[in-house]
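Here's a walk through a few spots worth pulling up in your viewer. Keep the model open and follow along.

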Amino acid sequence: MGEQELFTLGVAIAVVVIVGRVVATRLELPEAVVFVVLGVLASLIPQVPNIDLSPELVLVLFLPPLVYNAAFLTAPRETRENAVPISALAVGTTAVTILGVGLVTRLVLPGLGWAPALAFAAAVAPTDAVAATAVMARLGAPTRVVTILEGESLINDGVALTAFGLAVEAMAHPFTVEHALLRLVQVVIGGIVYGLVVAFVVGRVRRYVRDPAIQILVTLITPFVAYIPAEQLNVSGVLATVVAGIYLGTRTEGMLQPASRASGRMFWRTLIFLLESALFVLLGLELRAVVSQLSDAFSVSRLAGAAAAVVGAIIGIRLIWELAVSPLIRFMPGKHSLFVVNPWRYRLVIGWGGMRGAISLAIALTLPTVENGRPFGERSVLILLAAVVVVVTLLGEGLTLGPLVQRLGLAQSEQQQRREALARQRVTEAGLARLDQMAEAGEVDEDTANVYRQLFELRLDRVRSVLGDGDDPADTSGFRHELVVAQRKKLAELYAKGKISDDIRRTISRTLDAQEPRTLEGDAGFGGGHLAGGEVGQGGVHVGRGAHEGGDAGREQAGGGAGEQRGPGPAGRGDRAGDDGADRRGPDVDEYPQP
């Protein structure tokens, strides 16, 4: 592919992502489905080059950061409490799915060998919990259900990718069952050990890195340092990446300084969005060539029947496992989570929440082009079947999961709001108490203490309104926007008259950007999915994950000065005084771990 074609491809992907997100939002459809459809349409444009993705490129470029990010966001305590059901679901269901789907694939494609059939089955076995947990968190579904889905999604990535690697090895040179078991032990133990080594070294290095840009750069290269050398050592690069992500994500809040958490979190959100979006768009662009290759060898009816059989097997195996096999965990020796006695409604939601996403798509696109030294002719049909599995599960299960949760009576949004509000109230009161101690000890002047005391009290008022202990505060977003607009006009006037330089204008402009009321799409929140760092809406205080990612700390600056305001916390003692909204952290260090 030449430079001009590569540039055209990049522009096409960018346009499809922008248009696709707008369309998906308007139609309330999964973005992945819209990206694939628009990618197919874009492939019909003559100027767009044909796509033939290299499996090695997908493995190295896409998989490490996607897997690392998922591992990093693991909740350690909740995962430990549900270790047995998570392990049973992630290992048991994934293994049975690989065997069952592999058998079904061989039945619908009789000429396919066991190795490629199992490789395909391993590609479509791992689940993507993002869509499911976003729906359930918004509806306030039981926390245990959400935790199990998230934990399962992480572990089954490692299980499926390990099985995929062994199946691909068998496609290159067949080996015996004994050799397969020996290689399994080698890749698993080797991957875990190497991942721990990488995590320990990276963790030590991070402690001595103070520059936010370097910290973010370290987080970017970590998954590749874990993945690529592990593959060169013939052990599991995926397990190494997962282990490194879990270790770093559960140690001292990710080992990043507060000043880099907000910018780092936004960097990783953007990176993962771009990688996942690009994967789905590239699939759509490649489907034209895939379908043209299949037009002579397979009829439409045969492809439709094969797709229906594979999708039916994937959904059916998971539901049967959850409803029939999962309750049997109680008979295993030892003490287990109360999950094993959960009602059938919980298990039905977990069984129906097994959508496939970007990981499955990335694995399918890495299917080798040769088998035993000969061209692998069935690769195109397997990629098409994987695409159908992803689209059908995202549409079929994704759009019906919310109504199912509500129909089963598992939506408990009010209780979830109160639990989160109580936690935020206690955290804010702790910060207010520490502020009073610092003021009494003379560690901070009284004027600064009063500014931040008002800020804490405002947040407490908002939380109390959710708990029913106070009056609903007024929505100040419009008021704040008007104040920012007035300041922007004055800033433009000063610059136009030559009163200030461009550097000063840009510095103050960034400060005003941080003060601008904003609405971010979040995973869950009080009263709806639109979250704004500290903003108040009709449903109460929006304080879900998106609010934290919005970085309300340091953005509610009292007085709206020209960047002179410094936060009293550790991050506020830096050398830069408010010239960057991401680095000007206020007193609310209420953070999630950051890669």
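## A nonpolar stripe on H10

First, a reminder that this is a predicted model. Let's start with Val 185, which sits in helix H10, the run covering residues 177–207. With a relative accessibility of 44%, Val 185 falls in the partly exposed class, since that class runs between the under 20% of buried residues and the over 50% of exposed ones.

Val 185 has company out there. Together with Ile 189, Val 193, Val 197, Phe 200, Val 201 and Val 205, Val 185 makes a nonpolar surface patch of about 600 Å². Phe 200 also brings us to H12: the C-alpha atoms of Phe 200 and Leu 248 are 8.2 Å apart, though 48 residues separate the two in sequence.

## Helix H12 and the loop before it

Leu 248 belongs to helix H12, and at 0% relative accessible area Leu 248 is buried. Leu 239 is another H12 residue. Leu 239 is buried too, with a relative accessible area of 15%. Look at Leu 239 next to Val 159: they are 80 residues apart in sequence, yet C-alpha to C-alpha the gap is 8.4 Å.

Just back along the chain there's a backbone detail to check. Asn 234 is part of the loop that runs between H11 and H12. The phi angle of Asn 234 is near 65 degrees, so here's a positive value in a residue that isn't glycine. For context, most residues other than glycine have a negative phi.

## The second largest pocket

How much space lies in the second largest pocket? About 740 Å³. Its lining takes in 27 residues, and the ones nearest the centre of the pocket are Leu 59, Gly 165, Val 168, Tyr 227 and Glu 231. Five helices give two or more residues each to that lining: H3 (55–61), H9 (143–172), H10, H11 (212–232) and H12 (237–249).

Which helix gives the largest share of the lining? That's H9, with eight residues. Sorted by class, the lining of the second largest pocket holds 14 nonpolar residues, nine polar ones and four charged ones.

## H4 and a neighbour from H9

Helix H4 spans residues 63–72, and nine of its 10 residues are buried, so the rest of the structure largely encloses H4. The buried ones are Leu 63, Pro 64, Pro 65, Leu 66, Val 67, Tyr 68, Asn 69, Ala 71 and Phe 72.

Ala 71 is a handy link to H9. The C-alpha atoms of Ala 71 and Gly 151 are separated by 9.0 Å, while the two residues are 80 apart along the chain. Gly 151 lies in H9, and its relative accessible area of 7% makes Gly 151 buried.

## Salt bridges

How many salt bridges does a search of the whole structure find? The answer is nine. Two of them share Asp 502 in helix H21, which covers residues 502–515. In one, Asp 502 pairs with Arg 505, and the closest N and O atoms are 2.6 Å apart. In the other, the side chain of Asp 502 meets that of Arg 506, at 2.7 Å from N to O. Why do these pairings follow the helix? Asp 502 and Arg 505 are three residues apart in H21, so about one helical turn separates them; Asp 502 and Arg 506 are four residues apart in H21, which again comes to about one helical turn.

How covered are the partners? Asp 502 is partly exposed at 25% relative accessibility, and Arg 505 is partly exposed at 25% as well. Arg 506 is partly exposed with a relative accessible area of 46%.

Elsewhere, Arg 434 and Glu 443 form a salt bridge through their side chains, at 3.8 Å from N to O. Arg 434 counts as partly exposed, with a relative accessibility of 41%. Finally, there's a network of salt bridges that links Asp 436, Glu 446 and Arg 453.

Terms used
Residues are numbered from 1 along each chain as its sequence is written. This is a predicted model: local features need pLDDT of at least 70, side-chain atom pairs count only at pLDDT 80 or more; totals for chains, interfaces and linings use all residues. Side-chain values use heavy atoms; hydrogens and water are left out. Buried means under 20% relative accessible area, exposed over 50%, partly exposed in between (1.4 Å probe, protein chains only). Patches are made of residues with over 30% relative accessible area and no salt bridge: like charges are joined within 9 Å, nonpolar side chains (Val, Leu, Ile, Met, Phe, Trp, Tyr) within 5 Å. Accessible areas come from the Shrake-Rupley method with a 1.4 Å probe; for residues, only the protein chains shown count as cover. A salt bridge is a side-chain nitrogen of Lys or Arg within 4 Å of a carboxyl oxygen of Asp or Glu. On a 1 Å grid over the protein atoms alone, a cavity is a set of points where a 1.4 Å probe fits but cannot get out, and a pocket is an open set with protein on both sides within 12 Å along at least five of seven lines; lining residues have an atom within 4 Å of a point. Grid points are joined across faces, edges and corners, and a volume is the space filled by probe spheres set on the points. Ala, Val, Leu, Ile, Met, Phe, Trp, Tyr, Cys and Pro count as nonpolar, Asp, Glu, Lys and Arg as charged, and the others, Gly among them, as polar.
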